[in-house]
Amino acid sequence: MTFDDGPHPAYTPALLDILKARRIRASFYVIGRNVARYPDIVKRMVDEGHEIGNHSWQHPLLSQLGKAAVLRELDRTSEAVFRAVQRMPVTMRPPYGALTKDQRAMIHKEREMPTILWSVDPEDWRRPGSSVVADRIVGGARPGAIILSHDIHKPTVQAMPAALDGLIERGYRFATVSMILGQRDWSKLRWRLPKVAKS
Ligand SMILES: [Zn+2]
């Protein structure tokens, strides 16, 4: 499970409660300026075993930006995450999934961050209703699926108990993005010096 665009001051903590009750670990692709505003919520995410990914500073269409602007969007966000939880995101997700092939390669080369998209999109941002969101998630899930949702929409968070319980009933287990990539458990990484403190 991945959740984009937060943290949100009310809906994200509510979602964290839902995840905690089921001992599910998720990945949050956070917006940097929201991290700067709500660092305590990001801290709670990490304390509860979730992974933080980079979703840019202010959610622009990165595909229309030049190299320096793209890196600045990512670096400001990584720095805000680092200030909040003393860890750097190790993957990124572009807003709207919009990134050129060359930009993906550039980000991987310059910041060692793979671009992570998704395989299941319930289009929850269109607000189709909580039961529709839950049905789309459960119906779309496959082994290894990366499911996209947004923790800034109340109906999405309200859809999660049914969606997650539906996945559990079908035997699915949950992992963070780094775990799927075969990397170390991100939430347990030790303090590291930021590699990208300059921009
Ligand atoms: Zn987004």
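Helix H7 of this predicted model turns a good part of its sequence inward: the buried residues are Pro155, Thr156, Val157, Ala159, Met160, Ala163, Leu164, Gly166 and Leu167. The cover over these buried residues includes two strands, E1 (2-4) and E4 (148-150), together with two helices, H1 (11-21) and H6 (130-140). H7 itself runs over residues 154-169, and at 1.5 Å a residue its 16 residues should span 22 Å; the C-alpha atoms at its ends lie 24 Å apart, so expectation and model agree. The helix also bends, by about 40° at Met160, and a proline, Pro161, follows within four residues. Met160 thus appears twice in this description, as one of the buried residues of H7 and as the site of the bend. Just after the helix, Gly171 takes a positive phi of about 90°.

Stepping back to the whole protein, the secondary structure comes to eight helices and four strands. Read from the N terminus on, these elements follow the order β-α-β-α-α-β-α-α-α-β-α-α. A compact globule of 199 residues would have a radius of gyration near 16 Å, and the value for the protein is 16 Å, so the two agree. Taken along the principal axes, the C-alpha atoms fill a box of roughly 45 × 35 × 30 Å. Buried residues make up 52% of the 199 residues. Many contacts reach across the sequence: among those between residues at least 6 apart, 76% join residues at least 24 apart. The surface that remains exposed comes to about 9800 Å², with carbon and sulfur atoms supplying 50% of it.

A zinc ion offers a good landmark for finding one's way around the model. The ion is coordinated by Asp5 through OD and by His55 and His59 through NE2, at 2.0 to 2.1 Å. The spacing of these donor residues in sequence is D-x49-H-x3-H. Asp5 and His59 link distant parts of the chain, 54 residues apart: Asp5 sits in the loop between E1 and H1, whereas His59 belongs to the loop between strand E3 (51-54) and helix H4 (67-85). Both Asp5 and His59 are buried.

The surroundings of the zinc donors can be followed further through Pro95, a residue in the loop between H4 and helix H5 (101-111). Leaving aside residues up to four places away in sequence, Pro95 touches His55, Ser56, His59, Pro60 and Leu62. Two of these partners, His55 and His59, are also zinc donors. Pro95 has 0% relative accessibility and therefore counts as buried, the cut-off being under 20%. Pro95 and Ile31 are separated by 64 residues in sequence, yet their C-alpha atoms are 9.3 Å apart in space.

Ala36 provides a contrasting case. This residue is found in helix H2 (residues 32-37). Its relative accessibility is 47%, and Ala36 therefore counts as partly exposed, a class that lies between 20% and 50%. Beyond residues up to four places away in sequence, Ala36 touches Trp57 and Ala80. Ala36 and Arg83 are 47 residues apart along the chain, while the distance between their C-alpha atoms is 8.5 Å.

Note on methods
Residues are numbered from 1 along each chain as its sequence is written. This is a predicted model: local features need pLDDT of at least 70, side-chain atom pairs count only at pLDDT 80 or more; totals for chains, interfaces and linings use all residues. Side-chain values use heavy atoms; hydrogens and water are left out. The expected span of a helix is 1.5 Å times one less than its number of residues. The bend at a residue is the angle between axes fitted to the seven residues ending there and the seven starting there. Buried means under 20% relative accessible area, exposed over 50%, partly exposed in between (1.4 Å probe, protein chains only). Contact means heavy atoms within 4.5 Å. The radius of gyration is taken over C-alpha atoms; the globule rule is 2.2 Å times the number of residues to the power 0.38. Accessible areas come from the Shrake-Rupley method with a 1.4 Å probe; for residues, only the protein chains shown count as cover. Donors are N, O and S atoms within 2.8 Å of the metal (3.2 Å for Na, K and Ca); water is not among the atoms, so sites may look incomplete.
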